[in-house]
Amino acid sequence: MTSEMVIAVDLGIIGLQIFENQSKIQPTIRNSALAMVDEEVDDQNLLEQLFQQESDRWMPCVKYVKNMVIGNNKQKNHVMNMGIVPRLLEFMINESNEVELRIESAVVLGSLAKGTEDNIRGLIEAGAVSVLLKDISHSNLKYVEACLRCLRTIFGNPIAPFDAIYQSTDHQVILCSNGAIAALAPLLSSNIYRVQMPTLKCFAQLCHQNQQVALAVATATYNGELIPNLLLHLLARDKTTEMQMQAAKCLTYLCRAGALDPADPLISKKTLQTLIRMCKQDKTWEERVEGAETLAYLIEVDINLQRISAISDHIINTLTDYFKYPGSPLDSTLMPTKKDDIVVGNELRQAAFRAYASLGANDEDIRKKIIETENLMEHTVNGLSDPVTKVQMAAVRCLHSLSRSVQQLRTSFQDHTVWKPLMKVLHSGHEEVLAVASSTLCNLLLEFSPSKEPILGSGAVELLADLTKQEDSALRLNGIWGLMNMAFQAEQKVKSQILNALGPEHLFRLLSDPDVNILMKTLGLLRNLLSTKPHIDQIMMIHGTQVMQAVILILEGDHPVEVKEQALCILANVADGDSAKNFIMGNEDVLKKIMNYMIHSNVKLQIAATFCVSNLLWNEQEGDSSGAIERQKKLRELGVQKLLQQLLSTNDTTLFDKVKTALQQF
């Protein structure tokens, strides 16, 4: 196993014993070690002996320190205050030192790490982590194990520098290509529980969001049996809930990475049912949280898994129990008795919100069932104002999922005035919450949402305009998306407010955004702004030149069909104006571009271009008969009428109808 291979693995996972028969280091007090130092060694003598040049005194002193600090936090603090840690690290770094001295030094560091959080902080600040990581590739297994034990203790604390071992996609591939799967597969069938559990965790981390590695794991075998089938054995009810949970997590990651089909019974029945079972009240709160979070991840993007889950073992009602833990803001009878209760309550609530968000992501009937559960909307609305970011984020995700329902936007969302706390989140929320909260706001701004009007009066235009100027493309997208929804069939004053908030220069700058989704929504906004004749004429009178330049750039650029279709639809809207259509008629280059798209190979572009021509030819405007005649004459001279006649042979019924309507105008 190479050093890169080992370093890439999470230290909680590296803690597996590597080989089943590897010997264990058991710290013992040896009288012989104590006999080699004075019976009463004061601090000064100890330091002098550790730092003196005579190496024969180092080992006895290190062993003395080891025996002194075992199980004694006061002595651990004392030793660390003496400055012994840097000296122990020197012993480990110097490869010319005997390996036994390096082993004992690592064992002492491991013992110190089992003290207080301040002890761990002291080890980290002294640079212990980098030394320990470097030495886990040593050829001596006892030394490797001593380093691993210390690292495992350090990384069991939240203050650990997790960035040092963060498992990236590259690290997963390195592990896979260096034989990690073949090395770990036999350990799944080990009869040693302490070997099986870290192995499961290692497989989970290997496969997480990595299709290449997940496929390799899913197709690998041991003793003729596929690894997914080995994992299936570990889902059995006679296994511990911890093992069932980790096996289900491995299978979940294999599925989400595309290595297992969601319809595979191994996923849709075994894994799914295991996770739902982990959410029950007879499990520990940690198991219930992990079960709900993993369930949410498994079903997040698959509507069939969502539907199966929703009717399995009363999961929707089971999750409501997560809000009945001491610390729930809705029930004064459940006031927490200690700080830990609040922490547990927060973990349970955020897990429930995440599970509900995934359950209701795509199915209207499931959303209805979720919203009808006891106090769910009240819990969700309260969650939007939760001071714990993790809870607030989960509540926003749940709300976003439920906001996809047209019916609920008109009823429950209106009854609970959801838009008010949502706007507070947007005005003062954390950056990580903004993306989901602004997506939810986009849904609340749809035409049929009763919340649209009050949101308009609460500073939403300026807020969304600010989002379009963010570096994060997801925020820019949501900002322009919300404004597009807001502009749909809006009054002129709202459209003017949007244009003023964005600024014409920034609006047209968004039309060159590298994100095609942002480009599409910006074109959609422009299309919605340029609707109804008076609005079209007024906006084009002020910004007509910029609109035409932007549309021409789109039509001439290398863009997908959907983007060019939107640009042609904008031209069709401009052509529907009374005075605005002159921006097209007065530009022969634009007219020729429209004609080219009439004979394009893509029928969508043909339809959009023909619709634009039809609006230019339209002769029923009051007092515009002479103008219509002039336009028809010019278009006939350019060959538009002949093109339309050629298009009558089309097999597309929509295009045929558009062509027929246009020809009737001549």
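Over the ring of which residue does the charged end of arginine 87 sit? Select arginine 87 and tryptophan 58 together in this predicted model. The charged end of arginine 87 is placed over the ring of tryptophan 58, at 5.1 Å from the centre of that ring.

For a second arrangement of this kind, select lysine 658 and phenylalanine 611. Here the charged end of lysine 658 sits over the ring of phenylalanine 611, and the distance to the ring centre is 4.4 Å.

**Aromatic pairs**

Turn next to rings that face other rings. Searching the whole structure gives 3 aromatic pairs. One of them is formed by tyrosine 253 and tyrosine 297. Display both side chains: the arrangement is edge-to-face, with 5.8 Å from centre to centre and 80° between the planes. Now colour helix H17 (residues 241–256), which contains tyrosine 253, and helix H19 (residues 285–299), which contains tyrosine 297. The two tyrosines belong to parts that are 44 residues apart in sequence, so the pair ties these parts together. Both rings belong to buried residues: tyrosine 253 has a relative accessible area of 12%, and tyrosine 297 has one of 17%.

**The nonpolar cores**

In soluble globular proteins, nonpolar side chains tend to be buried together. To examine this theme here, select Ile227, Leu254, Met486, Leu525, Leu571 and Ile584, which have the most contacts inside the largest nonpolar core, a set of 173 residues. Then highlight helix H36 (residues 533–556), which supplies the largest share of this core, namely 10 residues.

Centre the view on leucine 571. Which residues are in contact with leucine 571, leaving aside its neighbours within four places in sequence? They are Met548, Val551, Leu555, Ile584, Val590, Ile594 and Cys612. Apart from the largest core lies another, of 44 residues; to find it, select Met80, Leu88, Leu109 and Ala128, which are among its members.

**The cysteines**

Finally, show the cysteine sulfur atoms. How many disulfides does the structure hold? The number is 0. Select cysteine 176, which takes part in no disulfide; its nearest cysteine sulfur belongs to cysteine 207, 8.7 Å away. Cysteine 176 counts as partly exposed, because its relative accessibility is 21% and the limit for buried is under 20%.

Move on to cysteine 207. Why does the sulfur of cysteine 207 form no bond with the closest cysteine sulfur, in cysteine 250? The two sulfurs are 6.6 Å apart, which is too far for a bond, since a disulfide requires sulfur atoms within 2.5 Å. Cysteine 207 counts as buried, at 2% relative accessibility.

How values were computed. Residues numbered from 1 in each chain as written. Predicted model: local features only at pLDDT ≥ 70, side-chain atom pairs only at ≥ 80, totals over all residues. Heavy atoms only, no water. Core = buried A, V, L, I, M, F, W, Y, C linked by side-chain atoms within 4.5 Å. Buried < 20%, exposed > 50% of the residue type's maximum accessible area, 1.4 Å probe, protein only. Helix = DSSP H or I, 4+ residues; strand = E, 2+ residues; numbered from the N terminus. Contact = heavy atoms within 4.5 Å. Phe/Tyr/Trp six-rings, centres within 6.5 Å; stacked < 30°, edge-to-face > 60°. Lys NZ or Arg CZ within 6 Å of the ring centre and 35° of its normal.
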